[in-house]
Amino acid sequence: MKECEHFKKLLCDYLDGELSKEQCAEFEKHIDNCTNCDEIINNLKDIIDECKNQGTLTIPEHMKMSLKTYIKEKIRIKGE
Ligand SMILES: [Zn+2]
């Protein structure tokens, strides 16, 4: 699934910085069309909801760490 690969990469990238409203919308769009990423999204739903309320959101450092570990375990992007 090419779209999922893109989605997962985006997910890892945004954990390094701020989640913008555009990225937030892109996440939501993918979630709506993809049951594949449902499990990952369930863990991010609160974050995305907060992003929607605030416009932008900086993820707390401790959360970044656990999310990154979680995503890496779930996704295993090839070549990394
Ligand atoms: Zn997906």
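A nonpolar core is taken here as a set of buried Ala, Val, Leu, Ile, Met, Phe, Trp, Tyr and Cys residues joined through C-beta atoms within 7 Å. In the predicted model, the largest such core comprises five residues, namely Phe-7, Leu-11, Cys-37, Ile-40 and Leu-44. Of these core members, Cys-37 is in contact with Cys-4, Phe-7, His-30 and Ile-31 when its neighbours within four places in sequence are left aside.

The chain that holds this core contains five helices and zero strands, so that the order of elements along the sequence reads α-α-α-α-α. Of its 80 residues, 16% count as buried, while 72% of the contacts with a separation of 6 or more are made by residues 24 or more positions apart.

Cys-12, which lies in helix 1 (residues 2-14), counts as partly exposed because it has 15 C-beta neighbours inside 10 Å, whereas 20 or more would be needed for a residue to be buried. Beyond its neighbours within four places in sequence, Cys-12 is in contact with Lys-68 and Ile-71. The C-alpha atoms of Cys-12 and Lys-64 are 9.5 Å apart, although the two residues are separated by 52 residues in sequence.

Confidence in the chain averages a pLDDT of 72, with 65% of the residues scoring at least 70. Among the helices, the mean is highest in helix 2 (residues 21-33), at 79, and lowest in helix 4 (residues 45-54), at 68. Where pLDDT is low, predicted coordinates should not be read in detail.

Note on methods: Residues numbered from 1 in each chain as written. Predicted model: local features only at pLDDT ≥ 70, side-chain atom pairs only at ≥ 80, totals over all residues. Helix = DSSP H or I, 4+ residues; strand = E, 2+ residues; numbered from the N terminus. Buried ≥ 20, exposed ≤ 12 C-beta atoms within 10 Å, placed from the backbone. Contact = placed C-beta atoms within 7 Å. pLDDT = per-residue confidence, 0-100.
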